[in-house]
Amino acid sequence: MAYKALSLLARIWLWCFGIWWIEEKGQIPTNIPNKCLLISNHLGIHEILWFFFKYRPGFVAKAQVANVPVIGPLTSGLGSVFVKRKADFKEQNAIANSQSDAKGALAAIVEKFRSDRRVRLCIFPEGTTTNGEQIISFRSGAFRPMVPILPHVVQFTGWERGVDFDPHYSAIPVSRWALGVLASPTLCLRITYLPVQVPKDGETAYEFRDRVQSLICKAGDLPVVSSSYKDKRAIEDLVINGW
């Protein structure tokens, strides 16, 4: 009953953010492994709410999410893994700390899959959001547990770039983005389901990552760019603080 209430709440929030229609493409999964990772490209909050609505998984999220009212307790109760990440890369030790935090998160994920009987974790391998026109090179951490992965492609339809408000949370103050999305008349969220991907015999985590990334790029007709979270932060600083 509680899980159904969570799904309904997530769908109501999607309505509030302008998602009146959800278009589903591909084979909707039926026999989902008890232990798996759910992944997709990352556009903003819409796909997070959709994953809540569809699967009610735990999330691999930055540590600040645990303190967000309503969202924090919900994600914690679903067995999420929270990652402490340095946001200011101007500090000399920021990158070293970021790498250390990533190792800690990976260890927590591996332990969760080892000890729990049923694990469904959602993670966004790009590590940050994009404008929906490309895929940022996937990080390998999501693939190192070497467990089955259920990939998705998430895209917005029903809007025109340069004419309508851009619903992607790419590089814009969160308050301005939220107001713009709430003021948008209607949007459609297109979800493309892809087959469950299982590590092949002898395949490394990096090969597994590249294979899944290629599958998502092909299904979404999206190119890969070799950017990073650090690059995204630099762009955000320019946009928010002025050129």
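## I19 and its surroundings

Let's start with one residue, I19, in this predicted model. Setting aside the neighbours within four places in sequence, I19 is in contact with R11, L14, H46, F156, L187, C188 and L189. I19 belongs to strand 1, which covers residues 19-25.

Is I19 buried or exposed? Its relative accessibility is 0%, and buried means under 20%, so I19 counts as buried. You can also look at how the fold brings I19 and V181 together: they are 162 residues apart along the chain, while their C-alpha atoms are separated by 9.7 Å.

## The largest nonpolar core

Now for the inside of the protein. The largest nonpolar core has 29 residues, and the members that touch the most others are L38, W50, F51, Y55 and L189. Several elements give two or more residues to this core: helix 1 (2-16), strand 2 (35-40), helix 2, strand 7 (149-157), helix 5 (174-183) and strand 8 (187-193).

What does L38 touch, apart from its neighbours within four places in sequence? L38 is in contact with F51, Y55, P57, L121, C122, I123, L150 and H152. Another core, of 24 residues, lies apart from the largest one, and its members include I39, V119, L194 and L222.

## A look at helix 2

Helix 2 runs over residues 46-54, and its buried residues are H46, E47, L49, W50, F51 and F52. You have already met H46 as a contact of I19, and W50 and F51 as members of the largest core. Just after helix 2 comes R56, which takes a positive phi of about 55°.

## Aromatic rings

How many aromatic pairs does the structure hold? There are 11. A pair of aromatic rings is described by the distance of the centres and the angle of the planes. Take F52 and F59: the ring centres are 5.2 Å apart and the planes meet at 50°, so this pair is tilted. F52 and F59 are both buried.

A second example is the pair of F143 and F208, which is edge-to-face, with 5.7 Å from centre to centre and 80° between the planes. This pair links distant parts of the chain, as F143 sits in the loop between strand 6 (135-136) and strand 7, F208 sits in helix 6 (residues 205-220), and the two are 65 residues apart. Both F143 and F208 are buried. There is also an aromatic cluster, made of W50, F51, Y55, F124 and Y193.

## A nonpolar patch on the surface

Nonpolar residues can be found on the surface too: L8, I12, W15, W20 and W21 form a patch there, and together they have about 570 Å² of accessible area. Helix 1 and strand 1 each give two or more residues to the patch. The largest share, three residues, comes from helix 1.

One patch member to look at is W15, whose place is in helix 1. W15 counts as partly exposed because its relative accessibility is 38%.

## The whole chain

Finally, step back to the protein chain. It has seven helices and nine strands. Buried residues make up 44% of its 243 residues. The accessible surface comes to about 13,000 Å², and 56% of this belongs to carbon and sulfur atoms.

How much of the contacts with a separation of 6 or more comes from residues 24 or more positions apart? Such residues account for 73% of those contacts. The contacts of I19 with F156, L187, C188 and L189 are examples to look for in the structure.

Notes:
Residues numbered from 1 in each chain as written. Predicted model: local features only at pLDDT ≥ 70, side-chain atom pairs only at ≥ 80, totals over all residues. Heavy atoms only, no water. Buried < 20%, exposed > 50% of the residue type's maximum accessible area, 1.4 Å probe, protein only. Helix = DSSP H or I, 4+ residues; strand = E, 2+ residues; numbered from the N terminus. Core = buried A, V, L, I, M, F, W, Y, C linked by side-chain atoms within 4.5 Å. Contact = heavy atoms within 4.5 Å. Patch = residues over 30% accessible without salt bridge, like charges linked within 9 Å, V, L, I, M, F, W, Y side chains within 5 Å. Areas by Shrake-Rupley, 256 points an atom, 1.4 Å probe, with all protein chains shown as cover. Salt bridge = Lys/Arg side-chain N within 4 Å of Asp/Glu carboxyl O. Phe/Tyr/Trp six-rings, centres within 6.5 Å; stacked < 30°, edge-to-face > 60°.
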